[in-house]
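Good morning, and thank you for coming. I should like to take you through one structure, beginning with a single residue and then turning to the chain as a whole.

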Amino acid sequence: MTTRPPGFSTIAIHAGATPDPATGARATPIYQTSSFVFDDVDHAASLFGLQAFGNIYTRIGNPTCAVLEERVAALEGGTAALAVASGHAAEHLVFHTLLEPGDEFIAAKKLYGGSINQFNHAYKKFGWNVVWADSDDLSTFEKAISPRTKAIFVESIANPGGVIVDIAAIARIADKAGVPLIVDNTMASPYLIRPFEHGAHIVVHSLTKFLGGHGNSIGGIIVDGGKFDWIKSGRYPSLSQPRPEYGNMILGETFGAFGFAIACRVLGLRDLGPALSPFNAFLILNGIETLPLRMQRHCDNALVVAQHLSTHGQVDWVSYPGLPGDRYHNLAKAYTPKGAGSVFTIGLKGGYDAGVKLVTNLKLFSHLANIGDTRSLVIHPASTTHRQLTDEQKRIAGAGPEVVRLSIGLEDTADLIDDLDQALAA
Ligand SMILES: *Cc1c(COP(=O)(O)O)cnc(C)c1O
């Protein structure tokens, strides 16, 4: 037997899954049950006291979700993972585990719009304060560090698409400040970027996008990189203080390299409750089996479409790091050698009206607010997600009146190009 570790495609299909011990079923079954029978009173007591691993209640863990957790942890090269109801729930449980009221975290300005809202508004109510920095100017991260800083948050490929973030450089700033770097790896997926290899400490995903990949389920996941020393730091009470409800156990000590994932589960998920449905976990697992194939085709298609649009008479600019000459092309060569993702923006010479006309006239592209589907998707942020902002605010957010965002799917590129050409000509 070889001792070589399995390759990425093998992990995508097999990690975490064995034939079902009860039935021999080869595909991972959907364990559609809310709770699990205890062997006896002692078994129940050891499960509740975290002295034994096992199933209690699907809010806290479920065997179908557990396969998904092991699979994504393996794909990212992390120690453990926790699957939850949505990408936003994953972000929320990470911060709930790290922050106390009055604490701060630093976040890159270019983020998924929903995360910007979550950080600016919802988190204020918890007393968690976001300080914004600019991933194109790393000194803004250094300047934002304060004694209350508890974490740094960035996206690997950042919204609204076409921005590659220098994870290793930001990880060095986090290390110096003694705080974990959290990377939202949704747009890249571990097929393109594995943030732990660049020094990140925690990875989160919206499983809704490329990992699920078929636009059919909402889900999220937290992956523990296992390298942050919570005990030595002593600044994260959820991990370094005794937990009275678990017999004064210190989670960061007892569970070591997967203490963070455990704390998110046995404190955050237990008490806040955003559990993933086993049915959604099953659909997302099926999606992940073809992640390497899909992701490569997404990138290859996006490059062909971006190249075509960059020579189109109605298009002012194309922001895709896969194109030579793009501002992020060198970072893309370093971080995403297999391809620069499938989401990017274009600017139309005809401004706002041209954006509205394009989304109206496209037939194969679906006009909606999502990314990472097998289907190609389009949105004109100025008339939809960013409608309420002033023109100046839209421009700062990368959503000026002329901007259209494309998420390139797995169709034939000739058909995508025909559709774009007819809609731009209309
Ligand atoms: C969609 C998305 C989220 C939020 O995920 P949901 O599953 O919609 O809650 C977070 N980050 C990024 C980069 C996303 O694209």
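Let us start with Gln-118. Leaving aside residues up to four places away in sequence, Gln-118 touches His-88, Glu-91, His-92 and Tyr-123. Please bear in mind throughout that this is a predicted model.

With His-88 there is a specific polar contact to point out: the side chain of Gln-118 reaches the backbone oxygen of His-88 at 3.0 Å. As for its place in the fold, Gln-118 lies in helix α5, which covers residues 113-120.

Is Gln-118 buried or exposed? Its relative accessible area is 9%, and the cut-off for burial is under 20%, so Gln-118 counts as buried.

I now turn to the chain as a whole. The chain contains 18 helices and 14 strands. Along its principal axes, the C-alpha trace spans about 70 × 55 × 45 Å. For 426 residues, a compact globule would be expected to have a radius of gyration near 22 Å, and the chain agrees with that, having 22 Å.

Burial can also be stated for the whole chain: 53% of its 426 residues count as buried. The accessible surface amounts to about 17,800 Å², and carbon and sulfur atoms contribute 55% of that surface.

What share of the contacts with a separation of 6 or more comes from residues 24 or more positions apart? In this chain, the share is 72%.

Finally, a word on charge. The chain carries 34 positive and 40 negative charges, and the mean positions of these two groups are 3 Å apart.

Conventions:
Residues numbered from 1 in each chain as written. Predicted model: local features only at pLDDT ≥ 70, side-chain atom pairs only at ≥ 80, totals over all residues. Heavy atoms only, no water. Helix = DSSP H or I, 4+ residues; strand = E, 2+ residues; numbered from the N terminus. Rg over C-alpha atoms; globule rule 2.2 N^0.38 Å. Buried < 20%, exposed > 50% of the residue type's maximum accessible area, 1.4 Å probe, protein only. Contact = heavy atoms within 4.5 Å. Areas by Shrake-Rupley, 256 points an atom, 1.4 Å probe, with all protein chains shown as cover. Lys, Arg positive; Asp, Glu negative; His and termini not counted. Charge placed at Lys NZ, Arg CZ, Asp CG, Glu CD. Polar contact = N/O pair within 3.5 Å; in protein donor to acceptor, adjacent residues only side chain to side chain.
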